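Got the model loaded and a selection box ready? Let's walk through it stop by stop, picking residues as we go.

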Amino acid sequence: MHAIVRTVGIALTMGLVVGCTESDAPESEGNGSQASASGRDQVRVVGSSTVYPFSSYVAEEFGATTEHPTPVVESTGSGGGIKLFCAGPGLNTPDITNASRRMEPGEFEDCRENGVGEIVEGAIGYDGIAVAEASSEEQLNLTLEQMLLAVAAEVPQDGQLVQNPYTRWNEIDPALPDREILIYGPPTTSGTRDSFEELVMEAASEDMEAYGGPYTRIRQDGVFVPSGENDNLIVQRIEQNQAAIGVFGYSFLEENPNQIQAITIGGVEPTPQVISSGEYPIARSMFFYAKNAHFDQVSSMAGYVELFMSEGMIAPDGRLADLGLIALSEQEREQARQRVADRVTLERSDLEDH
């Protein structure tokens, strides 16, 4: 497995510069960045914690194999990254944002209102949302409905919704173990959280008459614990509390095979094959979004994006597969690569079609 060099360098900087005007931005910066009045060289990337390991690997490889500075990559969550990305068109804002879900139409409109008018979308692969536990535990098998009843703020009882009373798994179903329900999961800024709400909670509740339609409100009584944008912290917490389970991207399950194991969902265990086939019920696509105008203003941006979309990175036998990336089909990869190469502008209708 390839080593990942975690590059987090703008957590404070981005918080400061987003509120500045472009004319306020410094003309030169450290860390190899070569900024000028007309542009800069170092690429700035924010966004999804799930896409972060892949983006970081590409950034390190790009810095090591070209004369350009290594791009700066920050894990802010999909929603947080898109907010920073959409703050404005200037060079004091991120060039690229990673996302473990597709941009939402409302986010697209926020970008347009702030002057970010031309956006290029790159689809890089698939990911499964892993529900995992300590390797020392007997492997759980849960259904989407049981997961919903464990995390929902309210649950159906006697034909109406009541505050969730469940604190142990066997209270949901006697066939489940007599074990505390404690779930470490993503925060509200995370694309993994958005996907979990859609693929687990909405999917499980849409046919439950008591909910009156899809239901996504997560309980806040300490049973579900939002655990920040660093998914490695969830892995550490599972190791510390053997009863707990965690929710995060499949790549973190792939990276920690000795510490954690997958919980099967409906009898299906996440593997690259079943995730790409659609058999695993909690799977989603992963993307990055780039500002078209910045390709002409950030001299290394085209090279970084080209490397990211290359077969050497995103093919089934590419380097990112070792980190848990699940490849698109050959046709899907070629279509995605061509759209990025041609800088095809994203339209709101593209987002509404999915």
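Start by selecting S6 and S7, a hairpin with 2 residues between the strands. Strands here are DSSP E runs of at least two residues, helices are H or I runs of at least four, and both are numbered from the N terminus. Show the backbone: S6 and S7 pair in the antiparallel sense over 4 bridges, where pairing takes at least two DSSP bridges between two strands. Gln157 stands opposite Gln160 in S7.

Before moving on, a word on what you are looking at: this is a predicted model, with local features needing pLDDT of at least 70 and side-chain atom pairs counting only at pLDDT 80 or more, while totals for chains, interfaces and linings use all residues. Residues are numbered from 1 along each chain as its sequence is written, and side-chain values use heavy atoms, leaving out hydrogens and water.

Now pick Asp158, in the loop between strand S6 (154–157) and strand S7 (160–163). What is the phi of Asp158? It is near 55°, a positive value in a residue other than glycine. Most residues other than glycine have a negative phi. Asp158 is also exposed, with a relative accessible area of 82%; exposed means over 50%, buried under 20%, and partly exposed in between, using a 1.4 Å probe and protein chains only.

Stay with S6 and show the side chain of Glu154. Glu154 forms a salt bridge with Arg217, with 3.3 Å between the closest N and O atoms. A salt bridge here is a side-chain nitrogen of Lys or Arg within 4 Å of a carboxyl oxygen of Asp or Glu. Glu154 lies in strand S6 and Arg217 in the loop between helix H7 (191–205) and strand S9 (224–226), so the pair ties together parts that are 63 residues apart in sequence. Glu154 is partly exposed at 24% relative accessibility, and Arg217 is partly exposed too, at 45%.

Next, select Glu107 and Arg101. Their side chains meet in a salt bridge (2.7 Å, N to O). Are these two buried or exposed? Glu107 is buried, with a relative accessible area of 13%, and Arg101 is buried as well, at 9%.

For another charged pair, jump to helix H14, where you will find Arg348 and Glu352, 4 residues apart, about one turn of the helix. Add Glu104 and Asp194 to your earlier selection, too: salt bridges that share partners join Arg101, Glu104, Glu107 and Asp194 into one network. Back in H14, the side chains of Arg348 and Glu352 meet at 2.6 Å, N to O. Arg348 is partly exposed at 31%, and Glu352 is partly exposed at 48%. The structure holds 19 salt bridges.

While you're there, pick Arg343, in the loop between helix H13 (330–341) and helix H14 (348–352). Phi of Arg343 is near 50°, another positive value in a residue other than glycine. Arg343 is partly exposed, with a relative accessible area of 29%.

Now for the sulfurs: select Cys86 and Cys111. A disulfide joins them, S to S 1.9 Å, against a cut-off of 2.5 Å between cysteine sulfur atoms. Cys86 sits in the loop between helix H3 (78–85) and strand S3 (96–99) and Cys111 in helix H4 (residues 105–113), so the pair ties together parts that are 25 residues apart in sequence. The torsion about the S-S bond is about -75°, so the disulfide is left-handed. Both Cys86 and Cys111 are buried. The count comes to 1 disulfide.

Last stop inside: the largest nonpolar core, with 101 residues. A nonpolar core is a set of buried Ala, Val, Leu, Ile, Met, Phe, Trp, Tyr and Cys residues joined through side-chain atoms within 4.5 Å. Select Ile124, Trp169, Phe248, Tyr304 and Leu320, which touch the most other members. Strand S4 (residues 119–134) gives the most to this core, with 10 residues. Zoom in on Ile124: leaving aside neighbours within four places in sequence, its contacts (heavy atoms within 4.5 Å) include Val51, Phe54, Met286, Phe308 and Leu328.

Finally, zoom out. The chain has 14 helices and 13 strands, and 53% of its 354 residues count as buried. Among contacts between residues at least 6 apart in sequence, 74% join residues at least 24 apart.
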